[in-house]
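Welcome, and please take a moment to look over the sequence and the model. The report that follows walks through the fold, the DNA and a few individual residues.

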Protein chains: 2
Amino acid sequence: MAAILDQDGITAAALELISKKGYDGLTMAALARSLGVAPSALYNHVSSKDDVLKLVEEDLMSKVDFGGFSTLPWEEAVRQWAYSYRGIFARHTPLISVIAVLPVTDAPQTLAMYEAVTEGFLRAGFPEKQIIPSIVALEAYIFGAAFDANAPADIFDSGRLADSTPHFTSAVRSLGPERNNYPSDLAFTMGLDALITGLGALREQPGS
Amino acid sequence: MAAILDQDGITAAALELISKKGYDGLTMAALARSLGVAPSALYNHVSSKDDVLKLVEEDLMSKVDFGGFSTLPWEEAVRQWAYSYRGIFARHTPLISVIAVLPVTDAPQTLAMYEAVTEGFLRAGFPEKQIIPSIVALEAYIFGAAFDANAPADIFDSGRLADSTPHFTSAVRSLGPERNNYPSDLAFTMGLDALITGLGALREQPGS
DNA sequence: GAGATAAATGAACGTCATTCATTTATTGGT
DNA sequence: ACCAATAAATGAATGACGTTCATTTATCTC
């Protein structure tokens, strides 16, 4: 029969659906409809909805910018990579629970990213044994920060209980005159700088 | 009518159900059954399943150990808090997407934690404006690390594609002779140390 | 032109969260 | 001590949703 469907088409349609309707709008029925096909037809090309999510994840990974690792100083490369990584997954937080636990086996884009990042760390002088744990730590931070980026501006509004949390309430107020301003971006930069400094200290000094 | 149900009882039953059957086993029907009640009865006390998750979250927050902030040096207090926080939510990752976006208003336990942590930062000499972003950064890391702690041991097995990712594959192998060992705990410690060092540098020096 | 095969269909299932009219038991007022 | 008001539990029903499967349809190969 005419091959209307394939994994690439399903992935593209899923991404478009997500960008238009969010992850709540990503149902097998809606996905099928956007492809002009019956829901059950999808199952000839993917084994489950989770499978669709994996396809989307791989596609997103290919969009993460890790190019700096072959051209920039390590610190700058990490920064560029981390910003790009967070920026992309901040709009795809429902995938994070999938990724964080998903073996990289058969995930070529993800592996390509890890390879480039690892090379960057090696070039910067990291001992081999420190590299994977460092990447894992950075990724943990990036994923957590991606959630954060979606927090509402009033997340720290202590409301009726402000009186019982004076120090906290004051610290929140100190961030600005506006009623509620959540410092997601500022916090990301601060933590990332700390991580870069701290992890960077693990490099072997050239000439010692 | 006899008040069989209340929020505390629902919360306790939900926690027990989660610990026995995991989050997949937490359905309104199962929750009702474990309380000897019809599913619809739950809706007299909670407005939705999300509401149940919020109750569970608050309960878990009360179990996070932030006691060090009033007794230990800042570095040690952060470490203790972070380990406890990660340890608890590592077994409750489905809650993280809820927490990260949930206003603290009307979440007394969560607020109590933030108040204690803020006080600890103040006592350690942090400028008020740096405190909330620092906490946000630490929390992001903790949440991300909680996901990580659930990763399977073979998550970094590059499998058939090992040849195309030589540096990464070698870095993974360097972690140990065993086939697959995911360095979640090591990574957590490394990243946390880096964050503590980096953020700690923001303190105002006493006597300058 | 006759299978064989890959792919799409539509009906059906089971699981959920949630709603609602109804019943049941308790409480407060007289 | 009764009655009305009320809070709480019931059970049936609903509408999504992911997934399965027998069947049909179109294309490719010999």
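## The fold of chain A

Read from the N terminus on, the elements of chain A run α-α-α-α-α-α-α-α-α-α. In other words, chain A has ten helices and zero strands. Keep in mind as you read that this is a predicted model.

How far does chain A spread? Its radius of gyration is 21 Å, well over the 17 Å that the globule rule gives for 208 residues, so chain A is more spread out than a compact globule. Along the principal axes, the C-alpha trace of chain A spans about 65 × 60 × 25 Å.

Turning to the interior and the surface, buried residues make up 52% of the 208 residues in chain A. The accessible surface of this chain comes to about 9,300 Å², and carbon and sulfur atoms supply 52% of that area. The contacts tell their own story: among those in chain A with a separation of 6 or more, 69% join residues that are 24 or more positions apart.

## Around DNA strand C

Let us move on to the DNA. Which residues come closest to DNA strand C? There are 21 residues around this strand, and the closest are Ala38(A), Ser40(A), Met28(B), Tyr43(B) and Lys49(B). Both protein chains also contribute helices here: α3 (39–42) of chain A and α2 (28–34) of chain B each supply at least two residues of the surface near DNA strand C.

By class, the residues of this surface divide into 14 nonpolar, six polar and one charged. On the DNA side, 59% of the atoms of DNA strand C within 4 Å of the protein belong to sugar or phosphate, and the rest belong to bases.

## Around DNA strand D

DNA strand D also has 21 residues around it, and those that come nearest are Met28(A), Tyr43(A), Lys49(A), Ala38(B) and Ser40(B). For this strand, sugar and phosphate account for 58% of the atoms that come within 4 Å of the protein. The surface near DNA strand D has 14 nonpolar, six polar and one charged residues.

The table below collects some pairs of atoms between protein and DNA.

| Residue | Protein atom | DNA atom | Distance |
|---|---|---|---|
| Leu5(A) | backbone N or O | phosphate oxygen, DNA strand C | 3.0 Å |
| His45(A) | side-chain N or O | phosphate oxygen, DNA strand C | 2.8 Å |
| Tyr43(B) | polar side-chain atom | phosphate oxygen, DNA strand C | 2.8 Å |
| Met28(A) | backbone N or O | phosphate oxygen, DNA strand D | 2.8 Å |
| Tyr43(A) | side-chain N or O | phosphate oxygen, DNA strand D | 2.8 Å |
| Asn44(B) | side-chain N or O | base nitrogen, DNA strand D | 2.9 Å |

Two rows are worth a second look. Tyr43(A) reaches a phosphate oxygen of DNA strand D through its side chain, while the side chain of Asn44(B) has an N or O atom 2.9 Å from a base nitrogen of that strand.

## Some residues to visit

Start with His92(A), which sits in the loop between α5 (74–90) and α6 of chain A. Is His92(A) buried or exposed? Its relative accessibility is 10%, and because that is under 20%, His92(A) counts as buried. Its side chain makes a polar contact of 2.6 Å with the side chain of Tyr23(A). Leaving aside residues up to four places away in sequence, His92(A) touches Leu15(A), Ile18(A), Tyr23(A) and Leu60(A).

Over in chain B, Ser84(B) lies in helix α4 (residues 74–90). With a relative accessibility of 17%, Ser84(B) counts as buried. Beyond residues up to four places away in sequence, Ser84(B) touches Lys63(B), Val64(B) and Asp65(B).

Finally, look at the backbone. Most residues other than glycine have a negative phi. Asp106(A), however, has a positive phi near 65 degrees and is not a glycine. Asp106(A) is found in the loop between α6 (93–99) and α7 (108–123) of chain A, and its relative accessible area of 48% makes it partly exposed.

In chain B, Asp106(B) has a positive phi of about 65 degrees, again without being a glycine. Asp106(B) has its place in the loop between α5 (93–99) and α6 (108–123) of chain B. At 47% relative accessibility, Asp106(B) counts as partly exposed.

Conventions:
Residues are numbered from 1 along each chain as its sequence is written. Chains are lettered from A and ligands numbered from 1 in the order in which they are written. This is a predicted model: local features need pLDDT of at least 70, side-chain atom pairs count only at pLDDT 80 or more; totals for chains, interfaces and linings use all residues. Side-chain values use heavy atoms; hydrogens and water are left out. A residue is near a molecule or strand if one of its heavy atoms lies within 4 Å of it. A polar contact is a pair of N or O atoms within 3.5 Å; within protein, one must be able to donate a hydrogen and the other to accept it, and residues adjacent in sequence count only if both atoms are side-chain atoms. Ala, Val, Leu, Ile, Met, Phe, Trp, Tyr, Cys and Pro count as nonpolar, Asp, Glu, Lys and Arg as charged, and the others, Gly among them, as polar. Helices (H or I, at least four residues) and strands (E, at least two) are DSSP runs, numbered from the N terminus. Buried means under 20% relative accessible area, exposed over 50%, partly exposed in between (1.4 Å probe, protein chains only). Contact means heavy atoms within 4.5 Å. The radius of gyration is taken over C-alpha atoms; the globule rule is 2.2 Å times the number of residues to the power 0.38. Accessible areas come from the Shrake-Rupley method with a 1.4 Å probe; for residues, only the protein chains shown count as cover.
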